[in-house]
Amino acid sequence: MAIPRNYQGWTVLANGFRPFFLLGAIQAALAILIWLPAYYGELKLNSTFAPRDWHVHEMLYGYLPAIVTGFLFTAIPNWTGRLPIRGLPLLTLVIVWMAGRLAVTLAAPAPWWAVLAIDASFLLLVVLAAAREVVAGRNWRNLPVVAIVGILCAGNIAFHIEAHVSGAADVAIRIGVAVIVLLLALIGGRITPSFTRNWLVKHNPGRLPVPFGKFDMVVVLLSALSLLGWIIVPEGRATALALALAGLMHTARLARWAGDRTLRERLLVILHVGYAFVPLGFLASAAASAGWVLPSAGLHAWMVGAAGVMTLAVMTRATLGHTGHALTAAPATQAIYLGIILAAIARVCAVLQPVHAELLLHVAAFAWITAFAGFALAFGPLLLGLKRRALAVRAERSAQPAL
């Protein structure tokens with residue numbers, strides 16, 4: 001999406017993906033840079049949350065909402081044909097998001113409800129703005145996506161309340177994780193086969209991905225039901241069976257997308273790799289519900305693996321496509337992908353191999369920070385509009401939409 005001709009403001013405020021992808025990546029790197037010494041007791045956080053809850057919250061309700069917002073506010077104009085949210089309204093949202101990060105991390109002397117109000121206002125504004133655009137554009141097909149983000153907003157509010165009342169936000173964490181997994185299943189399940197098909201038709205004719213259909217709807221519905229059961233009763237045979245079935249269904253779904261035929265283009269391969277962590281998270285969580293492994297194995301497969309890899313995959317692709325660059329993964333982009341995959345594998349293995357947990361935690365943290373800091377450094381100039389390039393690849397972009 002080129003900057004509209006009548007827009008005269010800062011380039012970084014021309015489209016939603018620009019500020020939120022950049023700031024989200026910086027926050028993701030800084031949050032883990034802070035978390036590791038806090039985890040080992042070398043740094044004290046001035047937060048209303050316990051250290052573990054702060055870490056989870058800033059990933060689940062801090063970083064991910066920023067990226068979801070960047071995606072939504074870039075995709076919605078394509079869905080509805082309306083102009084993007086930009087300029088002062090976009091700047092307002094950015095400031096509200098940043099205020100939430102500061103309040104959650106530094107405002108311990110303030111009342112917990114004041115921190116809640118500051119932090120929760122961001123997602124509330126995002127849901128209202130997105131719903132207005134979707135309804136105004138009569139794009140009813142994508143209204144469920146906005147509704148799921150609304151549930152994420154409710155989960156954030158519940159997180160603050162549960163942390164204050166109980167001292168730990170276990171249920172609200174599962175709500176947030178479930179919402180993110182559903183968003184990945186819904187959105188990732190549409191864009192991955194779609195982008196793969198577009199590329200294969202042009203570059204590698206032959207077997208194509210199966211398009212979104214009834215099977216996919218069944219998988220998403222089964223996922224929602226199993227995740228709902230997991231939220232309410234995280235342990236037990238019934239929950240384990242439901243999660244395992246969902247994991248197997250997602251594995252079959254992924255196998256239908258011809259990911260093995262995209263190895264020449266890392267910008268596509270990474271989408272398939274990221275989605276592979278969705279069924280892995282279901283299966284690991286099923287094992288945890290059965291008492292075979294710790295719950296954090298599934299949580300980190302979903303959050304570091306599926307969410308971390310998929311968000312970076314979308315961030316790199318959307319930034320390239322919407323700034324007029326060829327949709328291909330340069331060496332710097334591939335290094336980012338390598339870093340986030342290493343972070344996901346190391347973090348899950350740290351749960352499964354407690355003897356080597358300390359080493360693996362450091363590897364995971366270093367790889368995560370490298371991936372997100374690398375994105376900020378490599379793609380920051382494009383997002384800020386400091387590095388421009390003529391839209392010489394318009395034909396390729398029309399064949400391979402960025403979002």
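**Exercise 1. Which residues form one aromatic cluster with Trp-35, and how is the pair of Trp-35 and Tyr-39 arranged?**

*Solution.* The structure is a predicted model, and the cluster in question consists of Trp-35, Tyr-39 and Tyr-40. To place it in context, begin with the total, which is 13 aromatic pairs. In the pair of Trp-35 and Tyr-39, the ring centres are 5.5 Å apart and the planes meet at 55°, so the pair is classed as tilted. The next step is to look at the sequence: both residues belong to helix H1 (residues 17–39), and because they are four residues apart there, about one helical turn separates them. Finally, consider accessibility, where Trp-35 has a relative accessible area of 12% and is buried, whereas Tyr-39, with a relative accessible area of 46%, is partly exposed.

**Exercise 2. Determine the geometry of the pair formed by Tyr-61 and Phe-159, and state which helices the pair ties together.**

*Solution.* First take the geometry: the ring centres of Tyr-61 and Phe-159 lie 5.7 Å apart with their planes at 70°, and since planes over 60 degrees apart count as edge-to-face, the pair falls in that class. Then locate the two residues, Tyr-61 being in helix H2 (residues 51–80) and Phe-159 in helix H5 (residues 143–166), so that the pair links parts of the chain that are 98 residues apart in sequence. As a last step, note that Tyr-61 and Phe-159 are both buried.

**Exercise 3. Identify the rings over which Arg-190 and Arg-317 lie.**

*Solution.* Arg-190 is placed over the face of Phe-212, at 4.1 Å from the ring centre. Arg-317, in turn, is placed over the face of Phe-195, and here the distance from the ring centre is 3.8 Å.

**Exercise 4. Describe the surroundings of Ser-226, starting from its helix.**

*Solution.* Ser-226 is part of helix H7 (residues 214–232). Its relative accessibility is 3%, and because buried means under 20%, Ser-226 counts as buried. The side chain of Ser-226 makes a polar contact with the backbone oxygen of Ser-223, at 2.9 Å. Once neighbours within four places in sequence are set aside, the contacts of Ser-226 are Ala-242, Leu-243, Ala-246 and Phe-282.

**Exercise 5. Which residues touch the most other members of the largest nonpolar core, and which helix gives the most to that core?**

*Solution.* The largest nonpolar core holds 124 residues, and those touching the most other members are Phe-73, Ile-180, Leu-183, Trp-368, Phe-372 and Phe-375. Helix H6 (residues 170–203) gives the most to this core, contributing 17 residues. Taking Phe-372 as an example, and not counting residues up to four places away in sequence, one finds that Phe-372 touches Ala-25, Ala-28, Ala-29, Tyr-63, Gly-308, Leu-312 and Ile-340. There is also a second, separate core of five residues, among them Ala-346, Ala-350, Leu-361 and Ala-364.

**Exercise 6. Compare the radius of gyration of the protein chain with the value for a compact globule, and characterise the fold as a whole.**

*Solution.* Start with the secondary structure, which comes to 13 helices and zero strands. For 403 residues, a compact globule would have a radius of gyration near 22 Å, and the 20 Å found for the protein chain agrees with this. The C-alpha trace spans about 55 × 45 × 40 Å along its principal axes. Buried residues account for 56% of the 403 residues. Turning to contacts between residues at least 6 apart in sequence, 79% of them join residues at least 24 apart.

Notes:
Residues numbered from 1 in each chain as written. Predicted model: local features only at pLDDT ≥ 70, side-chain atom pairs only at ≥ 80, totals over all residues. Heavy atoms only, no water. Phe/Tyr/Trp six-rings, centres within 6.5 Å; stacked < 30°, edge-to-face > 60°. Buried < 20%, exposed > 50% of the residue type's maximum accessible area, 1.4 Å probe, protein only. Lys NZ or Arg CZ within 6 Å of the ring centre and 35° of its normal. Polar contact = N/O pair within 3.5 Å; in protein donor to acceptor, adjacent residues only side chain to side chain. Contact = heavy atoms within 4.5 Å. Core = buried A, V, L, I, M, F, W, Y, C linked by side-chain atoms within 4.5 Å. Rg over C-alpha atoms; globule rule 2.2 N^0.38 Å.
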